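Let's take a walk through this structure together, strand by strand and helix by helix. Keep the 3D view open as you read.

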Number of protein chains: 2
Amino acid sequence: MTTNALTQLLEKMSTGSETALARLMTLVERDGREVGAILEAIAPQLGKAFTIGITGPPGAGKSSVVDCLAALMRKTGKTVGVVAIDPSSPFSGGALLGDRIRMSQHYLDKGVFIRSMATRGSHGGLARATKDVIKLLDASGRDYVMVETVGVGQTELDVMGTTDTVIVILVPEAGDGVQVMKAGLMEIADIFVVNKADRDGAQRMLTELNLMLELKYSGRSPSESAQPQWKIPVLAAQAVNNIGMTELFQAIESHQRFLLETGDLDRRRKARRREELLSRVEYEVRRRLTAKASTDPTLTQLIEAVSEGKVDPHTASAQILESSVLRTGG
Amino acid sequence: MTTNALTQLLEKMSTGSETALARLMTLVERDGREVGAILEAIAPQLGKAFTIGITGPPGAGKSSVVDCLAALMRKTGKTVGVVAIDPSSPFSGGALLGDRIRMSQHYLDKGVFIRSMATRGSHGGLARATKDVIKLLDASGRDYVMVETVGVGQTELDVMGTTDTVIVILVPEAGDGVQVMKAGLMEIADIFVVNKADRDGAQRMLTELNLMLELKYSGRSPSESAQPQWKIPVLAAQAVNNIGMTELFQAIESHQRFLLETGDLDRRRKARRREELLSRVEYEVRRRLTAKASTDPTLTQLIEAVSEGKVDPHTASAQILESSVLRTGG
């Protein structure tokens, strides 16, 4: 794509073209040569959207929650972007849930833009692409960007780490508190929702989550306790019946106010950009090495020696970093 | 540690000292300056051990299976190394299962060496440390090295990817086949075990796994089908009662023979060493950048500009790779 065509596309996006936004997302997903120029161009417009991560086990009703929240956000006149990461079947390559009807009530509403991402392929590539797609939604002027992820793998945790507020949705069947801790959900949640709260075990799960949070607070050091602390709410909900959704939206707004008033929003975003830089360098290093593995004779030889077990990866890594092979793009 | 002391330690390890082995593992876990020298020194001795990955959801009985397999391996006169990755509580930092009694029957047997790894901290660090600990066990002359991981996060999948045979252990309560696919277990399993097979739903799970495998085989292209294929066995077991364990050990030996006869062992190990090199470079790049973030003024400024949102990570990443900042250790 020519620089001129790209500039036009970016202009169209900033004046509200959904087609331009979708095309830019595809470019970013493909990780082509335009990505650098796109991200550089949109950088000054970033940081206006408030981003919300929504995660939890499969079947927790995340899509219904996103659906209800989008409706409530639209009622306040705000625009919404949604990024959904779908699981793929590992051997067919097709999206398992690709055929489900998503966000039906919003399909015709211009104020809600929905993008599904495939989880297929990608070693760190999906997390990177998702973060860049969130940026495009931010740059396009969306007030809220919601990111829905299934499960809690490293990619999902990475993506959640880039959002301002993280909502963890559980269902009574999701298992006990120990599972929640093991999955690392305790560390990332700003708001807990126990969905399908009419089912057996919902009350037990609510109690257990509250107990675990008390344990977490009581474990804080005196210096930590002196600072203003966000008290993580545990909400009961039935998203399919639109129960508890107004309370959830209010909790999101409370958290947003808390982040702004304490300066945490700024601190979090700074730490996040720094981490994004490190990931970006790692990602680019792998990309360049893979591209040059077949074109740079010295590198080809070194990789061959490592794969034969003749040179250990640690020594080879030091050699690569001392050489200039990473300095030019592949 | 002096080079001399390190050489002595390595010599002691190769003559069977468990104390030396344990000390080297600690050095490798801490990722100090000695790691390079250690890995370089042991490189010529690697590849003799046959490595077995054992994974599955919490409570599937993985430790009991490892326990039984170790006993069977010892009966054939072979030596055994076990690496167990324990989940940590995200807020106490303590190992949740640290107090369970592990491998009780082998505690006094010199032929079985057991190492528990903490999952705490580490962004990619645990996977790296685990792989290096496996290498030490290999270099120390163990015939079999078993690696037990809880759950199926990216770290666990990474570690499983470095073993020769992967055993996935499920229990009837573990959920349906879709969950197995979503967790990526279908892709990595060489052998399936349905443990606690006396429980309700065991037969259904066995049938379902077999059906999923048939589906997988039938989806193969003609060229794939022409090659000799490993037929993934689905075994029923009750590890605590030592039922099905001999069959499991036989399946492992069959898989080992299959890998040797088809040349797959060599191909897998080559691909693995190559991937290890890429991970190692990524890891070292992050380590150097983090170390230099506070000592290299140009880098400090650039990182600050990125965290303020003034320079986008993509542009900054290109600048870092063009500079010489990565060329020297931090």
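Start in chain B of this predicted model, where G53(B) has V147(B) of β4(B) as its bridge partner. That pair belongs to a wider match: β1(B), residues 50–55, and β4(B), residues 144–149, run parallel and are joined by 5 bridges. β1(B) also pairs with β5(B), again in parallel, through 4 bridges. Here you can find T55(B) standing opposite V168(B) of β5(B).

Is β1(B) mostly covered or mostly open? It is mostly covered, with 6 of its 6 residues buried. Side chains in a regular strand alternate between the two faces of the sheet. In β1(B), F50(B), I52(B) and I54(B) point one way, while T51(B), G53(B) and T55(B) point the other way, and all of them are buried.

From β5(B), residues 165–170, you can step across to β6(B): the two run parallel and share 4 bridges. I169(B) is paired with V193(B) of β6(B). The side chains of β6(B), residues 191–194, are split as well: I191(B) and V193(B) point one way, F192(B) and V194(B) the other, and all are buried. Beyond this, β6(B) is joined to β7(B), residues 234–236, by 3 bridges, and these strands too run parallel. V194(B) stands opposite A236(B) in β7(B).

Before leaving chain B, have a look at one of its helices. α2(B) covers residues 18–30, and its 13 residues reach 18 Å from the first C-alpha to the last, close to the 18 Å expected at 1.5 Å a residue. Its buried residues are L21(B), L24(B), M25(B), L27(B), V28(B) and E29(B). After α2(B) comes D31(B), which has a positive phi, near 55 degrees.

Now move over to chain A, which has 14 helices and 7 strands. Chain A is divided into domain 1 (1–45), domain 2 (47–279) and domain 3 (293–322). The centres of domain 1 of chain A and domain 3 of chain A, taken over C-alpha atoms, are separated by 37 Å. Of the 330 residues in chain A, 44% count as buried. Among contacts in chain A with a separation of 6 or more, 74% come from residues 24 or more positions apart.

A good helix to study here is α11(A), residues 245–262. Its 18 residues should span 26 Å at 1.5 Å a residue, and the end C-alpha atoms are indeed 26 Å apart, which agrees. Which residues of α11(A) are buried? They are M245(A), L248(A), A251(A), I252(A), H255(A) and L259(A). These residues cover an arc of only 110 degrees around the axis, and therefore lie on the same side of α11(A). An α-helix has 3.6 residues a turn, so residues three or four places apart point the same way. On the other side of α11(A), T246(A), R257(A) and E261(A) are exposed.

What do the buried residues of α11(A) pack against? Their partners in chain A are the strands β1 (50–55), β5 (165–170), β6 (191–194) and β7 (234–236), together with the helices α4 (62–75) and α12 (264–292). Just after α11(A), G263(A) takes a positive phi of about 80 degrees.

The loop between β7 and α11 of chain A holds N242(A). Most residues other than glycine have a negative phi. N242(A) is not a glycine, yet its phi is positive, at about 60 degrees. It counts as partly exposed because it has 14 C-beta neighbours inside 10 Å. In chain B, N242(B) is found in the loop between β7 and α11 (245–262). Its phi is also positive, near 60 degrees, and with 14 other C-beta atoms within 10 Å, N242(B) is partly exposed.

One more stop in chain A is E187(A), which lies in helix α8, residues 185–188. E187(A) has 14 C-beta neighbours inside 10 Å and so counts as partly exposed. Its C-alpha is separated by 9.7 Å from that of K216(A), 29 residues apart along the chain.

Finally, a word on confidence. The mean pLDDT of chain A is 84, and 86% of its residues reach 70 or more. Over residues 88–103 of chain A, however, the pLDDT is below 50, although this stretch has 32 contacts in the model beyond near neighbours in sequence. Where pLDDT is low, the predicted coordinates should not be read in detail. The model scores ipTM 0.77 and pTM 0.73.

Technical notes:
Residues are numbered from 1 along each chain as its sequence is written. Chains are lettered from A and ligands numbered from 1 in the order in which they are written. Domain bounds come from an automatic or database domain assignment. A residue is buried if 20 or more other C-beta atoms lie within 10 Å of its own, exposed if 12 or fewer, and partly exposed in between; C-beta atoms are placed from the backbone. Two strands pair if DSSP finds at least two bridges between them. Two residues are in contact if their C-beta atoms, placed from the backbone, lie within 7 Å. The expected span of a helix is 1.5 Å times one less than its number of residues. The arc is that of the directions from the helix axis to the C-beta atoms. pLDDT is the predictor's confidence in each residue, from 0 to 100.
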